[in-house]
Amino acid sequence: MTSIYILDDNSSIRSSLEILFASLFNTDIMTYARVEDFYAHVDRRTSGLLLVDHQMPECTGIEVMRTLSRRADRRLAMVLMSGSVDASLIDEAKAAGAAAVIEKPCSTDTLRQLVQRSRPRIPLRSASIAKPRSTTPYAFPALKIGPAPSPTPQLIP
């Protein structure tokens, strides 16, 4: 089964994303506070979507993505989350293998769309299927999702 992995040292972020994704998607959701715990779980057969925080005590999200790019195959899509996104971070994330970069905080609908577009095989829960879908194209990895209440992402030029 394709899973969603959340790697963030902030327990509030982990809990919020886990609750949100559990309500939207019919898949396993795994959360990790420490990079080494995540590494102990992931192997070459791991598939799904990883949302990784950029600033963590042990290392950066960029370093995690670089390590995974060397260790795992491409069945694991990676999304970098950061409280502050600029062009150099986007370039660095792209070089490390990121499918997208999102700026925290972002809307529920935007996160749902991000998961669906990054890993279309992750099934929605039946109650979630009726939600409207945006027709705005995503530009991966140059995607910046700001705190605006709009459900459509803001694209970074």
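This report walks through the fold of the protein, its central sheet, its helices and its aromatic pairs.

**Overall picture**

Please keep in mind that this is a predicted model. The protein has 157 residues, and 50% of them are buried. Its secondary structure amounts to five helices and seven strands, and from the N terminus these elements follow the order β-α-β-α-β-α-β-α-β-α-β-β. Of the contacts between residues at least 6 apart in sequence, 65% join residues at least 24 apart. The accessible surface is about 7700 Å², with 52% of that belonging to carbon and sulfur atoms.

**Where to trust the model**

The mean pLDDT of the protein is 77, and 73% of the residues reach 70 or more. Over residues 127-157 the pLDDT is below 50, although this stretch still has 76 contacts in the model beyond near neighbours in sequence. Which elements mark the two ends of the confidence range? Strand β2 (residues 29-32) has the highest mean pLDDT, at 95, whereas strand β7 (residues 154-155) has the lowest, at 38.

**The sheet**

Five strands form an open sheet with parallel pairing, in the order β2-β1-β3-β4-β5. Strands β2 and β5 stand at the edges with a single partner strand each, so one side of each has no neighbour in the sheet. From one strand to the next, the twist averages 20°.

Within this sheet, β3 (residues 48-53) and β4 (residues 76-82) pair in the parallel sense over six bridges. If you would like a landmark for that pairing, look for Asp53, which stands opposite Met81 in β4.

**Helices around the sheet**

Helix α3 (residues 61-71) packs on the sheet, where it touches β1 (3-7), β3 and β4. The direction of α3 makes about 170° with that of β4. Helix α4 (residues 87-96) lies across β4 and β5 and runs at about 160° to β4.

Why can helix α5 (residues 108-118) be called largely enclosed by the rest of the structure? Nine of its eleven residues are buried, so the helix is largely enclosed. Among the buried residues of α5 are Asp109, Arg112 and Gln113, along with Leu111, Leu114 and Val115. In the loop between β5 (100-103) and α5 you will find Pro105. A cis peptide bond joins Lys104 and Pro105, with omega at about -5°.

**Aromatic pairs**

The structure holds four aromatic pairs. Two of them are set out here.

| Pair | Centre to centre | Angle between planes | Arrangement |
|---|---|---|---|
| Tyr5 and Phe38 | 6.0 Å | 70° | edge-to-face |
| Phe21 and Phe25 | 6.0 Å | 55° | tilted |

The pair of Tyr5 and Phe38 links distant parts of the chain: Tyr5 lies in strand β1 and Phe38 in helix α2 (residues 35-41), 33 residues apart. Are these two residues buried or exposed? Tyr5 is buried, and so is Phe38. Tyr5 and Phe38 also belong to one aromatic cluster together with Tyr32 and Tyr39.

In the tilted pair, Phe21 has 0% relative accessibility and therefore counts as buried. Phe25 also counts as buried, because its relative accessibility is 0%.

Note on methods
Residues numbered from 1 in each chain as written. Predicted model: local features only at pLDDT ≥ 70, side-chain atom pairs only at ≥ 80, totals over all residues. Heavy atoms only, no water. Helix = DSSP H or I, 4+ residues; strand = E, 2+ residues; numbered from the N terminus. Buried < 20%, exposed > 50% of the residue type's maximum accessible area, 1.4 Å probe, protein only. Contact = heavy atoms within 4.5 Å. Areas by Shrake-Rupley, 256 points an atom, 1.4 Å probe, with all protein chains shown as cover. pLDDT = per-residue confidence, 0-100. Pairing = 2+ DSSP bridges. Axes fitted to C-alpha atoms, helices over the stretch in contact; angles between N-to-C directions. Phe/Tyr/Trp six-rings, centres within 6.5 Å; stacked < 30°, edge-to-face > 60°.
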